[in-house]
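Please take a moment to look at the chain as a whole before turning to single residues. The paragraphs below go from the overall form to a few chosen places.

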Amino acid sequence: MGQNVTLSVGVNVGTEYATTYQWRKDGSNIAGATSATLGLPRIAGSDAGNYDVVVTNWLGSATSAAATVTVNATAAVSMNVSGQRVIAPGGNLDLTATTVLPGPVTYQWRKNGQPIANATGASFTVANATVRSSGVYQVVVTNSAGPLFGPAVFVSVNVPTQVRAWGLNTSGQTTVPVGLTNAIAVAAGSAHTLALKSDGTVVAWG
């Protein structure tokens, strides 16, 4: 996938005969494919099939033998990680791109669509992560045919949440338990407070 494929046909007639070409895929004409060569840039799974060409001159028409194009399911650019990754503050995440694109290639890593300075190798590390490290990371691999984007990796830095409380404290309802983190919801009554943690447990005080 992602590579360029060119099909061509040779015709054994003199140059004095006007010759036309019509390429077909699986028996159907390909719009605009009317020369002796057919280019399939950046082939994808939808390009797989049987290709032939109908050659016509004043003597009549002839159809070439079919050429079968099989598309390898291997992605043109793949990553060592995918989807969403959660890392702790101060942690590292190593990203590595692998490509099957032919010829010399260059790399440019991006975060939230913007190029990362000096991130031009096959690997990039999100190092010593902070909240500002969160975002969408992607690599752009370029060869002579142009750029190709790798799969996006969504990176989140898991910073523990803190619960703060203030106001009337007659029953200890604003005295937050020491070590309470990762609360995703809080509810309060006149003399008590509840916190729902990300693991599904509930902490109560007051």
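A strand, as the word is used here, is a DSSP run of type E with at least two residues, and strands are numbered from the N terminus. With that in mind, asparagine 143 can be placed in strand S14, which covers residues 135-143. The model that holds this strand is a predicted one, and its chain has 19 strands and zero helices.

The overall form comes next. For a compact globule of 206 residues one would expect a radius of gyration near 17 Å, but this chain has 30 Å. The C-alpha trace, followed along its principal axes, spans about 105 × 35 × 20 Å. Of the 206 residues, 28% count as buried, while the accessible surface comes to about 12100 Å², with 54% of that area belonging to carbon and sulfur atoms. Among the contacts with a separation of 6 or more, 51% are made by residues 24 or more positions apart in the chain.

Charges offer another way to read the structure. The chain carries 9 positive and 6 negative charges, and the mean positions of these two groups lie 21 Å apart. How many salt bridges does a search of the whole structure find? The search finds one, and in this salt bridge the side chains of aspartate 52 and arginine 24 meet at 2.9 Å, taken from N to O. Because aspartate 52 belongs to strand S5 (residues 49-57) and arginine 24 to strand S2 (residues 20-25), the pair ties together parts that are 28 residues apart in sequence. Is each partner buried or partly exposed? Since buried means under 20% relative accessible area, aspartate 52 counts as buried with its 11%, whereas arginine 24, at 21%, counts as partly exposed.

The same cut-off helps with two further residues. Asparagine 143, in strand S14, has a relative accessible area of 10% and is therefore buried. Which residues is asparagine 143 in contact with, once its neighbours within four places in sequence are left aside? They are Arg42, Leu101, Pro102, Pro104 and Val105. Serine 133, by comparison, is found in the loop between strand S13 (123-126) and S14, and with a relative accessibility of 12% this serine 133 also counts as buried. Not counting residues up to four places away in sequence, serine 133 touches Lys111, Val126, Val155 and Val157.

Conventions. Residues are numbered from 1 along each chain as its sequence is written. This is a predicted model: local features need pLDDT of at least 70, side-chain atom pairs count only at pLDDT 80 or more; totals for chains, interfaces and linings use all residues. Side-chain values use heavy atoms; hydrogens and water are left out. Helices (H or I, at least four residues) and strands (E, at least two) are DSSP runs, numbered from the N terminus. The radius of gyration is taken over C-alpha atoms; the globule rule is 2.2 Å times the number of residues to the power 0.38. Buried means under 20% relative accessible area, exposed over 50%, partly exposed in between (1.4 Å probe, protein chains only). Contact means heavy atoms within 4.5 Å. Accessible areas come from the Shrake-Rupley method with a 1.4 Å probe; for residues, only the protein chains shown count as cover. Lys and Arg count as positive and Asp and Glu as negative; His and the chain ends are not counted. The place of a charge is taken as NZ of Lys, CZ of Arg, CG of Asp or CD of Glu. A salt bridge is a side-chain nitrogen of Lys or Arg within 4 Å of a carboxyl oxygen of Asp or Glu.
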